[in-house]
Structure formats: C-alpha cells, structure tokens
Amino acid sequence: MTKKSLEPFLWTLFSAGGVLAALLIPIHLLLFGLAVPLGWAYPSYEHLLVLLRHPVTRVYLVLLCTLALFHGAHRFRYTLYDGLQIKHLNEVINVLCYGGAIVGSVLTVYLLWRIP
Amino acid sequence: MSDTITLHVARYRPEVETEPTFQEYQTPCRKDWVVLDALNYIKDKVDGTLSYRWSCRMGICGSCGMTVNGEPKLTCATFLTDYAPGPVRVEPLRNFPIVRDLVIEMSDFMRKLVQVKPWIIRADEKPLSEGEYLQTPEELDEYKQFSMCINCMLCYAACPVYGLEPHFIGPAAIALAQRYNLDSRDQGARERMDLLSDHTGIWGCTFVGECTKACPKSVDPAAAIQRYKLKAALSWFKSFLLPRGAS
C-alpha cells in the first residue's frame, strides 16, 4: 500500500506547503499589502526588479507558490470529498485539484522566467 | 441559581420505537453534581427504565461518554452548573449505532483496537535473569501522554472522518499504536505499519483536530497521527531511494 499509493508524497507537499505558507505568506501580506501601500516602506521599482532577477529570489518564489498551491489542492480535495460528500468523483476531483496546482506552478515558473 | 435543572434525555427502546425520542426530566442541580449524578438520580428516583453506561465516576474507566449539549463529554467530569439554567440535552455518543437509550454499540472500536496490537512486541525476549527492560525518563516522556488514553471513544464521536468513513481506524487506536511504537522497549513498529499506513489508517485523517479537543485526558491523537504521517512519508521516500532493504 505505502509503495503504490501517492498519498505520502502528496501529504509531504501539503505539509511542507502548509508550513511555508503559514510562516511566510503573512510576511508578504504585511510587506506588500500594508507596508508599501500605506507608505511605511518605499522600495523603488528598479530595486524590486533587481531583487526579483536574483536566482535565489526566483527559486524561493517558485517553491513558495508551488508548495502553497499543492497545500491548497490537497485541502480542497478533502473538502470536496467530505464537505460535499462527492468522494465517488475522486478521479475528476484529483485531476482538478492537483492539475490546478500543476498549472499554477507552471504559470509561476513561466511568469518568473519572463521577467526581463 | 435555581436548585433544579431540566434534562432532555435521548431515549431509544427498540422494542417500542423505531427511532430515538427525547424525554424531559427535572433533577436537582447541586453545585457538586455532574451530569452522571443527574442520570443516576433519574434512574434511582424517577425512571428506572433509563439505560446508560457508567462505572468509576472519576474519569478513569471511560464508560460514561455521552453527547452533552452537542459535545462529546465524560458525564462524570461535566458539571451540571456549567449548563445552568439549562435545559441540558443528553444524547448517546455520535457516530456509533445505539443499542438502547444512551448505550452505544462499541464492537467496531474494540475490533480496531486489537488490530493495532496495543501491547509491547519483542522480537526476542531476554531471560528473566537479565532483569527488567530499563527506560530513561526521556524515553518515558516519548510516549507517556499517549498512554493516558482511557478508551472512552469521545474522539471517535468527535471525528467527522470516522462519521463519514466507518473503516477509518480512528484517533484513539492510532494514538495507542503510537504509544507502543514510541516505547523504547517495543519492537513491533513494523508489524503495525501496514495497517497504520493504509488509506483507512493515518491517511484517512484530514487533520480536523476535533479528537484532540474532545479528549478528556489531554491525549493529543491528532499529533500522534501527524507524527506518524511524517514517519510513513519518510519511509515512502526511502523505499524509492533504497528499493531493497529499506524499512
């Protein structure tokens, strides 16, 4: 069972995504949701662009977005299973949830790649 | 404060009823009375036909678990005055079939409990002459909180996953398996693994956390399950990296 099932792998993504999102997303919200709009910090466009071009920043953002998306996908899958009691549609749900996370991850890489 | 309180008690007498109904009783509401005292008062003085389980009255035997105002509680540890002026609704534990009144059918839990082998398993027993299996206080702390479980099944009544998926092994049985897995004297972790790492085992849990909230002995079954998930996930990765001989 353990070797055949993907559940341990999906749970690892869920777990890592949950920890990272809970620790880091509040910081991002504080910085870009409050500090910058309210004028507590004044990073220039050029400054942020340089920061974003750095490979470490890109790897960090890809990891944060990908894992958070897989966390959401896993949680949403079980919410649909148990909340709406539609476990019999599990194949469709899996494709939609994890497929959505994969699409989102590819989009993240694409957008970061496109930054000049 | 009024010195009486109203109890709405769930009744189910399968020989005369097809589904449970409620019956209203007035009982004294003394400061030192718990819900179980009120039930005993009803049984002794008002209505001898009321059926429920109880034994020790002190949170050890785990037999008086019921649903009090919608929450799974040990009725011997739930004070009436906390629900004053009432009424207090007393129902059988949720997620279990009802045998009669407040008595639930618990054989599903008993069967699952045995399946996880909650006892010390040794590959090789050392002879008595070599003495005890010694344990440091740190080794004891590893599993001690999980050993506090009294099998009261409140966590099963609280668990929405168990309510939807009766094959789920459930919080207490997994916590008790962990109680032995984490015991330095035990060597049975591998024997328990197939059952625990099945989709009806730890992977059935969606980490709602209600089991931990409901536990009257402050055991943390949700933590036991999450810890075991991490262990099972690591061994899953190992089985890919070292296909032969990995545990």
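Colleague: I am new to this structure and would like to start with helix α6(B): how many of its 11 residues are buried?

Modeller: This is a predicted model, and what I say about the helix is computed from it. The buried residues of α6(B) include B:Pro171, B:Ala172 and B:Ala173 at one end of the list, and B:Arg179, B:Tyr180 and B:Asn181 at the other. The helix is mostly covered, and the number of its residues that are buried is 11 of 11.

Colleague: Which helices do the buried residues of α6(B) pack against?

Modeller: The helix itself covers residues 171-181 of chain B, and its buried residues include B:Ile174, B:Ala175 and B:Leu176. The partners of these buried residues belong to chain B, and they are α2 (107-115), α3 (137-144), α4 (154-158), α7 (189-196), α8 (210-214) and α9.

Colleague: Taking α9(B) from among those partners, how are α6(B) and α9(B) oriented to each other?

Modeller: Two packed helices are described by the angle between their axes and the distance between the axes. For α6(B) and α9(B), which covers residues 221-241, the axes lie 8 Å apart and the angle is about 60°. An angle from 35 up to 65 degrees falls outside the parallel and perpendicular ranges, so the relation of α6(B) to α9(B) is oblique.

Colleague: Which residues of α9(B) are met by α6(B)?

Modeller: The crossing in which α6(B) passes α9(B) is left-handed. On the side of α6(B), the residues in this contact are B:Pro171, B:Ala172, B:Ile174, B:Ala175 and B:Gln178, and on the side of α9(B) they are B:Pro221, B:Ala224, B:Ile225, B:Arg227 and B:Tyr228.

Colleague: And by class, how many nonpolar residues does the contact of α6(B) with α9(B) have?

Modeller: Residues from both helices enter the contact, among them B:Ile174 in α6(B) and B:Ile225 in α9(B). Apart from 1 polar and 1 charged residue, the contact of α6(B) with α9(B) is made up of nonpolar residues, and their number is 8.

Colleague: How are α6(B) and α7(B) oriented to each other?

Modeller: The helices α6(B) and α7(B) have axes 10 Å apart and pack at an angle of about 160°, and their crossing is left-handed. In this contact B:Ile174, B:Ala177 and B:Asn181 of α6(B) meet B:Ala189, B:Arg192 and B:Leu196 of α7(B). Angles over 145 degrees count as roughly antiparallel, and therefore the two helices, α6(B) and α7(B), are roughly antiparallel.

Colleague: Stepping back to the whole chain, how far apart are the centres of domain 1 and domain 2 of chain B?

Modeller: Chain B has 9 helices and 7 strands, and its domain assignment gives domain 1 (4-104) and domain 2 (107-241). Taken over C-alpha atoms, the separation between the centres of domain 1 and domain 2 of chain B is 30 Å.

Colleague: Which elements give two or more residues to the side of domain 1 of chain B that touches domain 2 of chain B?

Modeller: The contact between these domains takes 12 residues from domain 1 of chain B and 12 residues from domain 2 of chain B. By class, the residues on the side of domain 1 divide into 6 nonpolar, 5 polar and 1 charged. The elements of chain B that give two or more residues to that side are β3 (65-68) and β4 (71-74).

Colleague: Which helix gives the largest share of the side of chain B that touches chain A?

Modeller: The contact takes 15 residues from chain B and 11 residues from chain A. In chain B, α5 (160-164) and α9 each supply at least two residues of that side. The largest share, 6 residues, comes from α9(B).

Colleague: Where does B:Pro87 lie?

Modeller: Most residues other than glycine have a negative phi, and most peptide bonds are trans. The bond that joins B:Gly86 and B:Pro87, however, is cis, with omega about 0°, and the bond from B:Ala84 to B:Pro85 is also cis, with omega near 5°. B:Pro87 lies in a loop of chain B, the one between β4 and β5.

Colleague: Is B:Ser218, with 8 C-beta neighbours inside 10 Å, buried or exposed?

Modeller: B:Ser218 has a positive phi, near 55°, although the residue is not a glycine, and its place is in the loop between α8 and α9 of chain B. A residue needs 12 or fewer such neighbours to count as exposed, and because B:Ser218 has 8 of them, its state is exposed.

Technical notes: Residues are numbered from 1 along each chain as its sequence is written. Chains are lettered from A and ligands numbered from 1 in the order in which they are written. This is a predicted model: local features need pLDDT of at least 70, side-chain atom pairs count only at pLDDT 80 or more; totals for chains, interfaces and linings use all residues. Axes are lines fitted to C-alpha atoms, for helices over the stretch in contact, and angles run from 0 to 180 degrees between N-to-C directions. Helices (H or I, at least four residues) and strands (E, at least two) are DSSP runs, numbered from the N terminus. Angles under 35 degrees count as roughly parallel, over 145 as roughly antiparallel, 65 to 115 as roughly perpendicular and the rest as oblique. A crossing is left-handed if the near helix is turned anticlockwise from the far one by less than a right angle, and right-handed if clockwise. Two residues are in contact if their C-beta atoms, placed from the backbone, lie within 7 Å. Ala, Val, Leu, Ile, Met, Phe, Trp, Tyr, Cys and Pro count as nonpolar, Asp, Glu, Lys and Arg as charged, and the others, Gly among them, as polar. A residue is buried if 20 or more other C-beta atoms lie within 10 Å of its own, exposed if 12 or fewer, and partly exposed in between; C-beta atoms are placed from the backbone. Domain bounds come from an automatic or database domain assignment.
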